[in-house]
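Subject: Structure handover

Hi,

Here is the structure I promised to pass on. Have a look at it first, then read my notes below.

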Amino acid sequence: MRIIIFGLPGVGKGTQAKILASKLGIAHISTGDILREAIKKETELGIKAKAIVEKGELVPDEIMGGIIREVLNEERCKNGFILDGFPRTLEQAKILDQIFSEIKNESTCLIKLDAEDSIIIDRITNRLVCSVCGNIETKSDINDNFVCSICNSTDSFIRRKDDDAEVIKKRIKVYHETTAQVFNYYKEKAKTIEIDGSKSIDEVTKEILSKLSVN
Ligand code: AMP
């Protein structure tokens, strides 16, 4: 099964992608996570991407295309995958078409999560990420001892540098100006599902699974 999860930053793509990957037994490929890891490790890619990511801009298509081509050819993607954060431009969608034509012939489903910009800004400004396991929690969800509910690490929560108010505005602008049009491209060529991403995590997951016809 090949799934693309699509929508504004902070709409819940990462959270839903993790749940779906585990329920469906497929790989979760987050280009944002790949870039953050490279930045942390100060690899060649990380050094190139750092300033771009921190400003909320897009890393060039040829770099992202190269990363995705390499990852999708890995063994862990052989049973299927859910792409989270890619493609973000029409050029990336075309690169993906080319990669898909070279790997196993399967149909693609695109899930679009929708929410108002105001909900997104509110969510992202309250978002903290566990630096050990990547678990995302909102400030009010974190208990007094700041213990991660997934990996039990203490004091491991950090705020992403690109979750700063000004950078969020930039990321939302980039989405509306550049990324949103990718949805129309897929409407023509793939199964597309639109879901209200402002509902609770459980409700969104249930709706996705029912629309995918998987329970
Ligand atoms: P995300 O975690 O998906 O919100 O991605 C965080 C940041 O990584 C984005 O704001 C971009 O700077 C960069 N990024 C992630 N995926 C891509 C992509 N497909 N194309 C270009 N830049 C990306």
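Let me start in the sheet: strand β1 (residues 2-7) is joined to β4 by six bridges, and the two run parallel. Before you go further, bear in mind that this is a predicted model.

A few pairs are handy for finding your way along β1 and β4. I5 stands opposite I111 in β4, F6 has K112 as its bridge partner there, and G7 is bridged to L113. L113 is a good residue to follow onwards, as its bridge partner in β8 is I195. Between β4 and β8 there are six bridges, and these strands run parallel.

On its other pairing, β1 is joined to strand β3 (residues 81-84) by four bridges, once more in parallel. If you want one pair to click on, I4 has L83 as its bridge partner in β3.

Put together, you get an open sheet of five strands in the order β2-β3-β1-β4-β8, with parallel pairing. Which strands stand at the edges? They are β2 (27-30) and β8 (191-196); each has a single partner strand, so one side of each has no neighbour in the sheet. From one strand to the next, the twist averages 20°.

Now for burial. In a regular strand, side chains alternate between the two faces of the sheet. How does that look in β1, where R2, I4 and F6 point one way and I3, I5 and G7 the other? Residues of both sets are buried, which fits the count of six buried residues out of six for β1. β4 is mostly covered too, with six of its seven residues buried.

One residue I'd zoom in on is T108, found in strand β4 (residues 108-114). Is T108 buried or exposed? Its relative accessible area is 14%, and the cut-off for buried is under 20%, so T108 counts as buried. The side chain of T108 makes a polar contact with the side chain of R2, at 3.4 Å. Leaving aside residues up to four places away in sequence, T108 touches R2, I4, F100, A190 and K191.

Another threonine to check is T31, which lies in helix α2 (residues 31-41). T31 has a relative accessible area of 3%, so this residue is buried as well. What does T31 touch, not counting residues up to four places away in sequence? The list is M64, I68, D84, G85, F86 and R88.

Last, a helix pair. Two packed helices are described by the angle between their axes and the distance between the axes. For helix α7 (residues 165-179) and helix α8 (residues 181-189), the angle is about 40° and the axes are 6 Å apart. Angles under 35 degrees would count as roughly parallel, and α7 and α8 are therefore oblique to each other. The contact is made by E177, T178 and T179 in α7 with Q181, V182 and F183 in α8. By type, the residues of this contact are two nonpolar, three polar and one charged.

That's what I have on this one. Shout if anything is unclear.

Cheers

Definitions and conventions: Residues numbered from 1 in each chain as written. Predicted model: local features only at pLDDT ≥ 70, side-chain atom pairs only at ≥ 80, totals over all residues. Heavy atoms only, no water. Axes fitted to C-alpha atoms, helices over the stretch in contact; angles between N-to-C directions. Parallel < 35°, antiparallel > 145°, perpendicular 65-115°, else oblique. Contact = heavy atoms within 4.5 Å. Nonpolar A, V, L, I, M, F, W, Y, C, P; charged D, E, K, R; others polar. Buried < 20%, exposed > 50% of the residue type's maximum accessible area, 1.4 Å probe, protein only. Polar contact = N/O pair within 3.5 Å; in protein donor to acceptor, adjacent residues only side chain to side chain. Pairing = 2+ DSSP bridges.
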